[in-house]
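Student: I am new to this structure, and I would like to take a close look at a single part of it. Could you walk me through one sheet and how its strands are arranged, and then place one loop residue for me as well?

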Amino acid sequence: MWFFRKKKKSGQEMKPEAEKTPQLKPEESVKQMLADAGACMQAKQYAKAADTYRAVLTLEPSAEAMNWLGVLYNAGAGVVKNDLAALYWLDKAAEAGHEAAKKDRDGILRAYVKKYGRSKIKTVTQEISRDCEIGALHIPKDQEKAIYWREKGERIAASRPKLSEYIIFGAYNGHNPEVILQDKELSYSRVLVDKTGVILNFPGIEKGSWTKYIEGSFRFEKGIVEFRTTFEIKKEGGFQMLWQIQPDGRYWADSDGFGMENDTELILYADLNDMGDFTGPFRIYKIDGKRVDERQKEKPAISGEK
């Protein structure tokens, strides 16, 4: 007996089974998502990039994702600009070993200190701490970081930057006059006077009638430390640099040494903030050991005045 298979009607042929999409492993998925987010950043699709970076963080604590979230919040790109959220995410990325995030975080903190003052930085860090405690819109609940930011602000407010040298001499006699400002809490280091005695970021000089005593001095005009110079700490913050540009007693121009006339001793001063920035030009401070305000005839005039 023969058996005949019935032909299926047209359109009822067996279709091949649909190919299944391979399931990515978690680490492969994260890698792909980071690549997608990077492509969004290149295309300036910042909102989509931010969403993708947040999705990555639901799978693993990616330093790259946290860094870029911090960058986006700092710039206000694709998200509402939020300095606190930027600090939070950059700090988390830095904690995970991201060096660029560490530099950006410390840079934002330094900008706050420069703008508002060291004591007021606690206001900023207390806000981040509070957001970490309750879980804000842009900052997740994070009790560990709540404690960290509260203590960080207190340390910054209580700390003061330090100088490598407070009393220096010029390099002309074999001395190293280099002065470096260092701030451990803000990860900050800056050279104020280099090894050759040059005052970096020299702010200029407010000249006056006293200038006649030192006219033509190359070191005076270029801001070079040649004689004993000191830095003093100001109570309200920052430093004052007392720059001696001419002492009384140089052996080649002094009555005590070679029968010549005494020099007129001159000391100038300039103020610097906690970041080592000069806040104004150098001005006359003392003439022959006396404060200028005690010698009415020697009060400094603005440069250019007669």
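Tutor: Helices and strands here are DSSP runs, numbered from the N terminus, with at least four residues for a helix and at least two for a strand. The model is a predicted one. Six strands form an open sheet in the order β2-β5-β6-β7-β8-β9, and their pairing is antiparallel. At the edges stand β2 and β9 (290-291), each with a single partner strand, so one side of each is left without a neighbour in the sheet.

Starting from the β2 edge, strand β2 (residues 167-168) is joined by two bridges to strand β5 (residues 229-233), and the two run antiparallel; here Ile167 stands opposite Thr230 in β5. On its way onward through the sheet, β5 pairs with strand β6 (residues 239-246) in the antiparallel sense over five bridges, and Phe231 stands opposite Met241 in β6. The hairpin of β5 and β6 has five residues between the strands, and in this hairpin Gly237 takes a positive phi near 115°.

As for the loop residue, Pro140 lies in the loop between α6 (121-134) and α7 (143-158). Pro140 counts as partly exposed because its relative accessibility is 33%, which falls between the limits of 20% for buried and 50% for exposed. Leaving aside neighbours within four places in sequence, Pro140 is in contact with Tyr88, Trp89, Asp131, Cys132 and Gly135. Of these, Trp89 is 51 residues from Pro140 along the chain, and the C-alpha atoms of the two are separated by 9.9 Å.

Definitions and conventions
Residues numbered from 1 in each chain as written. Predicted model: local features only at pLDDT ≥ 70, side-chain atom pairs only at ≥ 80, totals over all residues. Heavy atoms only, no water. Buried < 20%, exposed > 50% of the residue type's maximum accessible area, 1.4 Å probe, protein only. Contact = heavy atoms within 4.5 Å. Pairing = 2+ DSSP bridges.
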